[in-house]
Every structure is written in structure tokens, then in C-alpha cells.
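Good morning, and thank you for joining. Please look at the sequence and the structure on the screen, and I shall then go through selected features.

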Amino acid sequence: MNTIIELLLGVFAVDKTRRGFLAGMAACAGGALSAGSANSTVAPRSKSVISNAANISRLRKGGSANSNDPWVEIDAQAFRNNVREVSRMAGGTPIMAPVKNNAYGLGDTVVGPLLASMPEVSRLACVRVSEGLALRAAGVRKPILNMSEVTEEEIEELVLNDIEITCWLDDAGERLDRVAKRLGKPIPVHFFIDTGLNREGMPYDRALPWMQDLARRPSVKVAGIYTMFIHDIEHDKVQLMRFNRLIAEARKEDIPLGLVHASPSYTTFYLPEARFDSVRSATALFGLYPDANAVSMADLKYVWRLRARIVRLEQLQRGETVGFGPKYTVEKPTTLALLPVGSTDGYPSSAVNNCKVMIGDHLYPVVGSMSSAHTIVDVSEKPDVSIGDVATLVDPDHKEIEPRAVAKQAGIGHYSLMSRLNALLPRKLV
């Protein structure tokens, strides 16, 4: 293994591009793992990319049953519940499940295949080329849409891995022509229309001639059209009106549109007329309501836990200090437990003196000071704990440490708590 890693580092030093690194992986590791949609043939180059993505993950395994590393548990049943609830809210409209930003912190190569296995989910979406490739490497066969503008090289990578692309820039046609010529086939494209978010997309008021131009090109296969709402109901209604008007004008001009989609979780709850062909609900699948009023409209479940094992137990005497600084002095004989999880793992440093963790069936306060990889817990109240015992820092089954409660106690948002989880922590599907 050391020899392989040395060879990889040598290859990476010569060619620091992703493709050069992956090619080096192929030369050193060998083998190929093909993946694509159920009814497509993936080119040999695609197999190389996917195989190497899988091999990269093997170089950093981690998370064995006997490890002291902290870990994130992904609740498969909670995800299934949320998918059913979103499907019900959407009147059975197929779901496009975004697993962007490493599945909002929970791990795209775990969450992606899980969501793809559910019949209500017709396709996945991502915002990074690496995410789409990782999903294919993890075995996802359903359609995947990459929702960001990408370079010509990345367009080629995505198409070779049977991943649909998004475009919105004025020069999209010229770039697609060049890539299609190299690949010898048209590029599946979703038009991204900016109806008022003013962040990404082709502005709606000049989109029609741009769409006409792209649709006429042999290099383009129109696979879909979509917009992004701002999550304010009155503004969203205006955006929907603009989007509907553009769709009507495009159909009059016989411009193919493919899959029409627009609805994130917020509008899935509050704007049913925005469902179109697919709802692009994301955060609701992860157990997050769009606002407090939505709680009575669906029964969503939290989908993750954060756990670690006790790795040290010591009794300190009055006056002894703990950690760098020192920042914490015990005022009486105190038994402290050390957990190997800290701020770089995503557990907020503001949990100190605000949050508790569960060991066995008892809650213990987080005290002292938190480091990048350590949390200190005062177990003096009920010190019948042992090294190796599991401590649960976040758990949807216990009100005091459920994700929203921990986030509130730590002074951050629930989404932030989840999305900040270290991508290198092991993810365990339960």
C-alpha cells in the first residue's frame, strides 16, 4: 500500500489536474467499475473515472466497528418516511432529490444511493462535478442533473458518466458545439432560467431567443428547463408567473423543453401549482421544515446522529485545570470523560456549557473548553460509565439532544449543524 501511495503522489506532482490524478489511480490500482443509467452504455473513459473515484475512497477507509473515531449515523427509515411525506405533499409528483454539498453534510455516497433506491425518487441532482461522479461510483443508476455551470472539460466528464448538465451563459451554444464534436454525440442540457433570484440562470426576459438558438443546434439535446425560487410566497408567485409565460412562449415556438421542474421544499408545501413534472425537494427529505407553520402539514423525521466513544476517564481535584490556556478550573472533585470529537468534526465549540450528551440513559453536560478533536463531559453526577462507552451528542430520538435542540442551545441553525459535519467522518447507515 505504501508503494501505491508513493506512486500516486508522484503522478499527482507531475499532473495536478483531476484527470491526471485519476489516470494515475488507474495505472496504480488497475481495474474498472462501470456505472451509468440502466438503459445507457458508458464509454470506457467514464469507467476509468468511476473506478478511480472508488479507489480513492478506499485509500481512506476509517470507521471500523472497533475504531475510536467519532461517526455519523444515517437513519434509513427516517429518510424513507420523509420521502413518503414529500411525495404525499406533492400529490405523487416524482421527486428529484438534490444531494448537493455532500448531501447537506451527511455524505452523498451514503445518502445518494439510499434515496435513489426509493420508487418516489425519479432522479438526483448535485452542484459539483465531483458529486455526480461520486454518486455514479457509489452505484447510482438513476438520472443525475448537475445544477451548475461547468467548463468544457467538465461537460465532457459529465456526459461520459451519463450526467445531464445545466447551462445559462450566452456562449453556451459555442461551448456545447465544441464538446459535442469531440464526443460525437449531442449534449443533454437543462435550461436554467433566472426568474428573480438574480444569482444564477439566464434572465427570463432574454431567455427565449437563447433557448431557440440552443434547441436548433445538433450539439444540444434539450433535457429540461427549471428555475429557482427565493422562498417568499408573494415573490415566488411572481417568479412562477414569469416562468409559466416563458414556457408558453417556448411551446408556441415549438422549442422542446424536456422535464419541467421548479419546486423546492418551500414551494412543495406552499405553492402546489409549481410542481410541474418533478419536485426538486431537498431539505424536507432531510427532516427540515421550511418554517414553523409547516410542522402541522407533514410528519418529517430527523435523519442523523453524531456519536463517539469515551476514550479517557479521570477524577480531578479542586483547583486543577483542563485544556489549553487553561480556560477551565474545577471547583470540587470532578470526574471528566474525554470524547474524541471536536470542532473540526462539526460539533460546535459553543456547545460548551450549553449542550449535553447522552451516555447510557443519562444526560451529562459539556464543560471546559473544546479543541479541534476533543470534547470534555462532566460525568460526576452519575459516574458509572466506562472507557469505550458510546456517547451520543446528537440524536433525533431524545428531545434534549435532537438536532434542532442542540443547534438552538449552541446558538446556530439546524441546517448549519448538519452541513458542517466533517466530510471525513465515517457514515454508518442504520
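Arg-307 counts as buried, since its relative accessibility is 19% and the cut-off for that class is under 20%. Please bear in mind throughout that this is a predicted model. The residue belongs to strand E11, which spans residues 304–309. Which acidic side chain does Arg-307 meet in a salt bridge? The partner is Asp-395, with a distance of 3.6 Å from N to O. Asp-395 sits in the loop between strand E19 (390–394) and helix H13 (403–410), and 88 residues separate it from Arg-307, so the pair links distant parts of the chain. Asp-395 is itself buried, at a relative accessible area of 3%. The contact is part of a wider arrangement: through salt bridges with shared partners, Glu-73, Asp-75, Arg-305, Arg-307, Asp-395 and Asp-397 form one network.

Let me stay with strand E11. Five of its six residues are buried, and E11 is therefore largely enclosed by the rest of the structure. Which strands pair with E11? Strand E1, residues 71–74, does so in the antiparallel sense over four bridges. Within that pairing, Glu-73 has Arg-305 of E11 as its bridge partner. Both of these residues also appear in the salt-bridge network. Strand E19 likewise pairs with E11 in the antiparallel sense, over four bridges, and there Leu-306 has Val-394 of E19 as its bridge partner.

I turn now to the other salt bridges. How many does a search of the whole structure find? The total is 21. In general terms, side chains of opposite charge can pair when their charged atoms come close.

Glu-85 and Arg-88 give a local example, in which the side chains meet at 3.1 Å, N to O. Both residues lie in helix H4, residues 76–89, and they are three residues apart, about one turn of the helix. Is each partner buried or partly exposed? Glu-85 is buried, with a relative accessible area of 14%, whereas Arg-88 is partly exposed at 47%.

Glu-156 and Arg-182 form another salt bridge, whose closest N and O atoms are 3.3 Å apart. This pair links distant parts of the chain, for Glu-156 is in helix H8 (residues 152–160) and Arg-182 is in helix H9 (residues 172–183), 26 residues apart. Glu-156 counts as buried, because its relative accessibility is 10%. Arg-182, at 46%, counts as partly exposed.

Helix H4 also contains Ser-87. Ser-87 is buried, with a relative accessible area of 13%. Although 33 residues separate Ser-87 from Glu-120 in sequence, their C-alpha atoms are 6.6 Å apart in space.

The next element is strand E3, residues 121–126. It is mostly covered, with five of its six residues buried. Strand E2, residues 95–98, pairs with E3 in the parallel sense over four bridges, and Ala-97 stands opposite Leu-124 of E3. Strand E4, residues 144–146, also pairs with E3 in the parallel sense, over three bridges. In that pairing, Leu-124 stands opposite Ile-144 of E4. What do E3, helix H7 and E4 make? With H7 covering residues 129–137, the three elements make a right-handed β-α-β unit.

My last topic is the second largest pocket. Rolling a probe the size of a water molecule over the atoms shows where empty space is left. The second largest pocket holds about 500 Å³ of space. Its lining consists of 23 residues, and Lys-100, Tyr-104, Met-228, His-231 and Pro-264 lie nearest the centre. Helix H5 (100–104) and helix H12 (265–270) each supply at least two residues of this lining. How is the lining composed? It divides into 15 nonpolar, four polar and four charged residues.

A final contact concerns Leu-288, located in the loop between strand E10 (278–279) and E11. Leu-288 is buried, at a relative accessible area of 8%. Its C-alpha lies 9.0 Å from that of Ser-265, and the two residues are 23 apart in sequence.

Thank you; I am happy to take questions.

Methods. Residues numbered from 1 in each chain as written. Predicted model: local features only at pLDDT ≥ 70, side-chain atom pairs only at ≥ 80, totals over all residues. Heavy atoms only, no water. Salt bridge = Lys/Arg side-chain N within 4 Å of Asp/Glu carboxyl O. Buried < 20%, exposed > 50% of the residue type's maximum accessible area, 1.4 Å probe, protein only. 1 Å grid on protein atoms, 1.4 Å probe; cavity = no way out; pocket = protein on both sides within 12 Å on 5 of 7 lines; lining within 4 Å. Points joined across faces, edges and corners; volume = space filled by probe spheres on them. Nonpolar A, V, L, I, M, F, W, Y, C, P; charged D, E, K, R; others polar. Pairing = 2+ DSSP bridges. Right-handed = clockwise from strand over helix to strand, strands pointing away.
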